[in-house]
Amino acid sequence: MKRLLAAMVVAAAAIPMFAGVAGLPAPGDAGAPAHTRVAARYVEAGVRETGAQNLVTGVLLNYRAYDTFGEVMVIFAALAAVSAVLSRGPPARRPGEARPQVETSPVVAFVIRLTAPFIAIFGVMVILKGHLAPGGGFQGGVILGALLVLLSVVTGRGLERPLLPAPAARWLQAAGPLAFAVVGLFGLACAGTLLGYPAGPGADMLRAAMMLMLELGIGIGGAAIILWLFLQMRGE
Amino acid sequence: MSQLFDLVMLLLLIFMALAVSRSKDLVAAAIIFPGYSLVMCLLWQHRGAPDVALTEAAVGAGVTTILVLLAIGRTCRREK
Amino acid sequence: MGAALQNLDYFAFVILFCIGLHTLVARPNLLKKLLGLNIMETAVFAFIVTSGMVDGGAAPIVDGTVTGPFASPLPQALILTGIVVAVSISALALALIIEIYRQCGTIEADELKGVG
């Protein structure tokens, strides 16, 4: 009976979707309204209006900056909620009992320690070149966060002595929303709307500086949040 | 040639999704899932979306997998 | 039918969405349901990114070297935000699953119905 119900639910969702999708213009068709009416304007005017050669970063940080503001708030709220849920109960082990250790293989430890500086440089490069090449704030932030997780595993430091010390980590996790708030208020002073960019060709450096600050905030905030999610979910 | 690449990628995606859905061992499902994420990343790179591909590779094959494996470690390993 | 075959990519993504939906609805294990939710989310992201692609189009990076058609940057920006929201959902769901296991001792939905 349950399998029949599940099959009916899936069929009820699938049939309208197939019917709707069959009527769409073919993917890749350059004459579809999505390309000729909507995207063409942003491709033509994007570099001039935002100053970013990577149009996706221009859209994310200039045209749709409010949505990116919401995105950093969402991931920050997720960290707050995970911390709230997982710090409620008693610790998994009685105090005095050592945590069950799985030995990290020396090969893994050596390789991670050897490649960690290169991964860090790559992560920072991806953040900083976000407006010129594929990349951006969040991508570089996740790379740095994954590096911090690897180093935590290799050096065996958990919540009691994390790689980012706890008072500083609070501010680093909030770097995303803080950067957006600071740049947003600055934009309010410059252009009259929250996160408004100053217009005109003379303000190129100012626009680039604002976008760079936003990217750094998203990147550093993302890295700290990912490390903390890992540490919280691993437990003590 | 590029059509063939697309077709192979899409078939791989469907098979991997079926494998994740049907496997009883949760660790196996948690290991196939970043493979699915990687094939999705290659598909997007082929479609001219390098930013999205970079994000999906970092997030899907990195963060989500680590968190799922941690959760499996703290709960049970096999599905009943 | 010939016109419908051009949308093969879209059909594949609808199939992926249905596989994810079936996993979410039919499997009782909470972790499996979460993996099904992730499959659904990535299928939707793939559908939207594919709707912005152009045949032979280049990545939307205007640095003067490419003059051909560009893929549309708008769906890609939308999906970047979507991926971040998806990982936030997964993180919180996993934390809740861990807490449910600590409180109730099981993460199978059938057995959870009987827990008071």
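**A walk through a predicted three-chain model**

Leaving aside neighbours within four places in sequence, Pro69(C) is in contact with Ala30(A), Val54(C), Gly56(C) and Gly57(C). That is a handy place to start, and since this is a predicted model, everything that follows describes a prediction. Pro69(C) sits in the loop between α3 and α4 of chain C. Along the chain, Pro69(C) and Gly56(C) are 13 residues apart, yet their C-alpha atoms are separated by 7.4 Å. Is Pro69(C) buried or exposed? Neither label quite fits: Pro69(C) has 18 other C-beta atoms within 10 Å, so it counts as partly exposed.

While we are in chain C, let's see how confident the predictor is there. The mean pLDDT of chain C is 87, and 94% of its residues reach 70 or more. Among the elements of chain C, helix α3 (residues 30-51) has the highest mean pLDDT, at 94, while helix α1 (residues 2-6) has the lowest, at 61. For the complex, the predictor gives an ipTM of 0.92 and a pTM of 0.91.

Now over to chain A. Chain A has 9 helices and 0 strands, so if you follow it from the N terminus you meet α-α-α-α-α-α-α-α-α. Its C-alpha trace spans about 65 × 65 × 35 Å along the principal axes. What radius of gyration does chain A have? The value is 23 Å, whereas a compact globule of 236 residues would have one near 18 Å. Of the 236 residues in chain A, 36% are buried. Take the contacts in chain A between residues at least 6 apart in sequence, and 72% of them join residues at least 24 apart.

Two spots in chain A are worth a pause. One is helix α3(A): 8 of its 9 residues are buried, so this helix is largely enclosed by the rest of the structure. Which residues of α3(A) are the buried ones? They are Leu55(A), Val56(A), Thr57(A), Gly58(A), Val59(A), Leu60(A), Leu61(A) and Asn62(A). The packing around them draws on every chain we visit here: the buried residues of α3(A) pack against α2, α4 and α9 of chain A, α3 (50-74) of chain B and α4 (73-104) of chain C.

The other spot is Leu195(A), in the loop between α8 (175-191) and α9 of chain A. Most residues other than glycine have a negative phi. Leu195(A) goes the other way, with a positive phi near 60 degrees. Leu195(A) is also buried, because 21 other C-beta atoms lie within 10 Å of its own and the cut-off is 20 or more.

Chain B comes next. Its secondary structure comes to 3 helices and 0 strands, running α-α-α from the N terminus on. The C-alpha atoms of chain B fill a box of roughly 45 × 25 × 10 Å, taken along the principal axes. Chain B has 80 residues, and 50% of them count as buried. Among contacts in chain B with a separation of 6 or more, residues 24 or more positions apart account for 53%.

How do the chains meet? Between chains A and C, 46 residues of chain A are in contact with 44 residues of chain C. On the chain A side, α1 (2-22), α2 (33-50), α3 (55-63), α4 (65-86) and α9 each supply at least two residues. By class, that side of chain A divides into 35 nonpolar, 7 polar and 4 charged residues. As for chains A and B, their contact takes 13 residues from chain B and 16 residues from chain A. The side of chain B that touches chain A has 9 nonpolar, 2 polar and 2 charged residues.

Finally, look at what lies inside. In soluble globular proteins, nonpolar side chains tend to be buried together. Here, the largest nonpolar core holds 122 residues, and the members touching the most others are Ile226(A), Leu229(A), Met233(A), Leu67(B), Ala71(B) and Leu94(C). Which helix gives this core its largest share? That is α9 (residues 204-234) of chain A, with 16 residues. To see one core member up close, try Ile226(A): not counting residues up to four places away in sequence, Ile226(A) touches Val142(A), Gly145(A), Ala146(A), Val149(A) and Val63(B).

Notes: Residues numbered from 1 in each chain as written. Chains lettered and ligands numbered in written order. Core = buried A, V, L, I, M, F, W, Y, C linked by C-beta atoms within 7 Å. Buried ≥ 20, exposed ≤ 12 C-beta atoms within 10 Å, placed from the backbone. Helix = DSSP H or I, 4+ residues; strand = E, 2+ residues; numbered from the N terminus. Contact = placed C-beta atoms within 7 Å. Nonpolar A, V, L, I, M, F, W, Y, C, P; charged D, E, K, R; others polar. Rg over C-alpha atoms; globule rule 2.2 N^0.38 Å. pLDDT = per-residue confidence, 0-100.
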